[in-house]
Amino acid sequence: MPTYPWRMAPEHLLTRRQLRARGLQPGGQDVVAQIRWRSRKAGTGVREAYLYRLDRAVPVRPMTPGRWRAHQAMMRARRTCPSCRTECPYVIPTRYGECLTCIDSAGRQAA
């Protein structure tokens with residue numbers, strides 16, 4: 001697979017994010033090349049991003065009313081606390097599995 005250094009890939013090869021910024025998606029095509037670079041983050045070492053051909057990319061499917069309803073239902077489930085069954089204005093932290101109010105009240109009871 002062809003490998004390019006950071007910012008040295010040909011202009012007709014784009015990453016998923018670059019395609020998305022243009023309103024496109026890979027559309028089932030295979031990866032044609034990659035970009036590799038060293039990361040300064042601790043523990044990550046060498047990172048890579050896959051490249052796709054621009055001429056084979058297809059437009060992103062529009063958000064239909066049904067897909068939008070499904071997305072809203074999914075987000076509602078992520079915001080509903082399983083302990084107190086209230087819907088929060090934020091996504092429940094998966095680390096705790098409860099809303100911040102339930103976590104705070106459990107911490108006070110334990111102390």
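Start by selecting Pro-5, which sits in strand S1. Helices and strands here are DSSP runs, numbered from the N terminus, with at least four residues (H or I) for a helix and at least two (E) for a strand. Before going further, know that you are looking at a predicted model, where local features need pLDDT of at least 70 and side-chain atom pairs count only at pLDDT 80 or more, while totals for chains, interfaces and linings use all residues. Residues are numbered from 1 along each chain as its sequence is written, and side-chain values use heavy atoms, with hydrogens and water left out.

**Stop one: strand S1**

Stay on Pro-5 and show what it touches. Not counting residues up to four places away in sequence, Pro-5 touches Ile-35 and Arg-36, where contact means heavy atoms within 4.5 Å. Draw a distance from Pro-5 to Arg-36: their C-alpha atoms are separated by 5.6 Å, though the two are 31 residues apart along the chain. Pro-5 has a relative accessible area of 46%, so it is partly exposed. On this scale buried means under 20% relative accessible area, exposed means over 50%, and partly exposed is in between (1.4 Å probe, protein chains only).

Now slide along to Thr-3, also found in strand S1. With its neighbours within four places in sequence left aside, Thr-3 is in contact with Gln-34 and Arg-36. Try a distance to Ala-33 as well: the C-alpha atoms are 5.9 Å apart, for two residues separated by 30 residues along the chain. Thr-3 is partly exposed too, at a relative accessible area of 41%.

**Stop two: a pair of tryptophans**

Which parts of the chain does the aromatic pair link? First, the rule: rings of Phe, Tyr and Trp (its six-membered ring) pair if their centres lie within 6.5 Å, and planes under 30 degrees apart count as stacked, over 60 as edge-to-face and the rest as tilted. By this rule there is one aromatic pair. Select Trp-6 and Trp-37: the ring centres are 4.9 Å apart and the planes meet at 55°, so the pair is tilted. Trp-6 lies in the loop between strand S1 (3-5) and strand S2 (13-14), and Trp-37 in strand S4 (residues 33-38), so distant parts of the chain are linked across 31 residues. Colour both by accessibility and you'll find Trp-6 partly exposed at 47%, and Trp-37 partly exposed at 22%.

**Stop three: Arg-7 and Thr-15**

Click on Arg-7, in the loop between S1 and S2. Arg-7 is not a glycine, yet it has a positive phi of about 65°. With 71% relative accessibility, Arg-7 counts as exposed.

Is Thr-15 buried or exposed? Select Thr-15 in the loop between S2 and helix H1 (16-21). Its relative accessibility is 15%, so Thr-15 counts as buried. Show its surroundings and, beyond residues up to four places away in sequence, Thr-15 touches Ile-35, Ala-49, Tyr-50 and Leu-51.

**Stop four: helix H2 and the loop after it**

Jump to Arg-79, in helix H2 (residues 65-79). Beyond its neighbours within four places in sequence, Arg-79 is in contact with several residues, among them Thr-86, Cys-88, Tyr-90 and Ile-92. For a long ruler line, draw one to Val-46: Arg-79 and Val-46 are 36 Å apart in space, C-alpha to C-alpha, and 33 residues apart in sequence.

Next, pick Arg-85 in the loop between H2 and helix H3 (100-110). Arg-85 has a positive phi, about 60°, although it is not a glycine. Its relative accessibility is 63%, so Arg-85 counts as exposed.

**Last stop: zoom out**

Show the whole protein as a cartoon. There are three helices and six strands, and from the N terminus on they run β-β-α-β-β-β-β-α-α. The radius of gyration (taken over C-alpha atoms) is 21 Å, well over the 13 Å that the globule rule (2.2 Å times the number of residues to the power 0.38) gives for 111 residues, so the protein is more spread out than a compact globule. Along the principal axes, the C-alpha atoms fill a box of roughly 60 × 40 × 20 Å. Switch on accessibility colouring again: buried residues make up 19% of the 111 residues.
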